[in-house]
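Student: I would like to learn how to read a protein structure feature by feature. Could you take me through one slowly?

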Amino acid sequence: MPEGHTLHRLAKLHHRRFAGGVVRVSSPQGRFADGAALVDGGILVKAEAWGKHLLHHYDSGLTVHVHLGLYGTFTESPAPLSDPIGQVRMRMIGAGKAARAWYGTDLRGPTACEVLHGPEVDALTARLGPDPLRRTADPGRAGQRIRRSNRSIAALLMDQSVVAGVGNVYRAEVLFRHGISPRRPGREVTATEWDALWADLVALMKVGVRKGVIVVIRPEHDRGAPSYAVGKPRTYVYRRAGDPCRICATTVAHAVLEGRNLFWCPTCQPV
């Protein structure tokens, strides 16, 4: 599932290409036809991301909410677009104030693609925890919930009502970078440790927005190899089960926690 930096990157792209201009919205697949008709021909005021949710705000007061889920993707192309290929849930074509040309984008396979009214948008964002990529985020709110919980810090970081936008890669990597066992209860994570975790998430996810890939390895641990590779993030522990830890050579461990794969180094992240 795409992590928060991917949605923020998409929001920036869509805002730059479509905001301030009339957008033609359709649903070649038909499943979003009624929703598309409500916003078709409207002016996109703003595109933004909250955690793993993408929001397109129109001048009518309506908002298109997209959650990509496991299989959703946007395909970006200069206009005019060719005939739709595959099951295109939503197609957008337009040219915003900052755009130098007409652009189009096709959305396929999302978990959610729906039109929301203002109160529904407020209800959605109220359910989410602070997002490390939003300037107004309050990390203290997440910290209070974490320190009151007996759930593991690994589970809490993946709970979108606690912290919005963190996925399995950032979860595994930020805990490794700070030497915290993923199984440690939230109530045992100190305020100082949480402040450091949050600051690192902000910095790492900003890099993800800028580069379009997840970069987590510190230069001194990279041994001269590239920081990342196309198609597969270069990591400390994520998807490295059975491999030696890059720091201490201990075998990277793997388990399943609340239905998601968990990776950690038993030596660098002691219980």
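**Reading the model, feature by feature**

Tutor: Let us begin with the largest pocket, whose lining residues divide into nine nonpolar, three polar and six charged. Please keep in mind throughout that this is a predicted model.

Student: How many residues line the largest pocket, and which lie nearest its centre?

Tutor: The lining is made up of 18 residues, and those nearest the centre of the pocket are His 8, Lys 12, Leu 133, Arg 134 and Arg 135. The volume of this largest pocket is about 500 Å³. If you wish to know which parts of the chain contribute, α1, β2 and α7 (191–211) each supply at least two residues of the lining.

Student: Now I would like to understand the sheet. How should I read the order of its strands?

Tutor: The general idea is that strands of a sheet pair through backbone hydrogen bonds, either parallel or antiparallel. In this structure there is an open sheet of eight strands with antiparallel pairing, and its order is β5-β7-β6-β1-β2-β3-β4-β8. The strands at the edges are β5 (73–78) and β8 (112–116), and each has a single partner strand, so one side of each is left without a neighbour in the sheet. Neighbouring strands are turned against each other by 25° on average, if direction is ignored.

Student: Which strands are joined to β6, and by how many bridges?

Tutor: On one hand, six bridges join β6 (residues 88–94) to β7 (residues 103–108), and these two strands run antiparallel. On the other hand, β6 pairs with β1 over four bridges, again in the antiparallel sense. You can follow this residue by residue: Gly 94 of β6 is the bridge partner of Val 23, and Gly 94 also stands opposite Tyr 103 in β7. As for Ile 93, the residue opposite is Gly 104 in β7.

Student: Is β6 mostly covered or mostly open?

Tutor: Strand β6 is mostly covered, since six of its seven residues are buried. Ile 93, which is found in strand β6, has a relative accessibility of 24% and therefore counts as partly exposed, because buried would require a value under 20%.

Student: What does Ile 93 touch, apart from its neighbours within four places in sequence?

Tutor: Its contacts include Phe 18, Val 22, Val 23, Arg 24, Ala 79 and Leu 81, and also Trp 102, Tyr 103 and Gly 104. Ile 93 shows how residues that are separated along the chain can be brought into contact, for Ile 93 and Val 22 are 71 residues apart in sequence, whereas their C-alpha atoms are 8.6 Å apart in space.

Student: Where does helix α1 lie in relation to the strands?

Tutor: In general, an α-helix has 3.6 residues a turn, so residues three or four places apart point the same way. Here, helix α1 (residues 4–18) lies across β1 (22–26), β2 (42–50), β3 (53–58), β5, β6 and β7, and runs at about 160° to β2. A useful residue to look at is His 14, whose place is in helix α1.

Student: Is His 14 buried or exposed?

Tutor: His 14 is buried, with a relative accessible area of 0%. When residues up to four places away in sequence are not counted, His 14 touches Ala 19, Leu 44, Ala 47, Leu 54, His 56, Phe 74, Glu 76 and Thr 105.

Student: What covers the buried residues of α6?

Tutor: Helix α6 (residues 168–177) has 10 of its 10 residues buried, and what covers them includes α1, α5 (153–158), α7, β9 and β10 (260–264). After α6 comes Gly 179, whose phi is positive, near 65°.

Student: Which residues other than glycine have a positive phi?

Tutor: Among them is Arg 239, with phi near 60°, and another case is Ala 249, with a positive phi of about 75°. Arg 239 is in the loop between α7 and β9 (253–257), and Ala 249 lies in the loop between α7 and β9 as well. Arg 239 counts as partly exposed at 44% relative accessibility, whereas Ala 249 is exposed, with a relative accessible area of 52%.

Student: Where is the cis peptide bond?

Tutor: A cis peptide bond joins Ala 79 and Pro 80, with omega about 0°, and Pro 80 is found in the loop between β5 and β6.

Notes:
Residues are numbered from 1 along each chain as its sequence is written. This is a predicted model: local features need pLDDT of at least 70, side-chain atom pairs count only at pLDDT 80 or more; totals for chains, interfaces and linings use all residues. Side-chain values use heavy atoms; hydrogens and water are left out. Two strands pair if DSSP finds at least two bridges between them. Axes are lines fitted to C-alpha atoms, for helices over the stretch in contact, and angles run from 0 to 180 degrees between N-to-C directions. Contact means heavy atoms within 4.5 Å. On a 1 Å grid over the protein atoms alone, a cavity is a set of points where a 1.4 Å probe fits but cannot get out, and a pocket is an open set with protein on both sides within 12 Å along at least five of seven lines; lining residues have an atom within 4 Å of a point. Grid points are joined across faces, edges and corners, and a volume is the space filled by probe spheres set on the points. Ala, Val, Leu, Ile, Met, Phe, Trp, Tyr, Cys and Pro count as nonpolar, Asp, Glu, Lys and Arg as charged, and the others, Gly among them, as polar. Buried means under 20% relative accessible area, exposed over 50%, partly exposed in between (1.4 Å probe, protein chains only).
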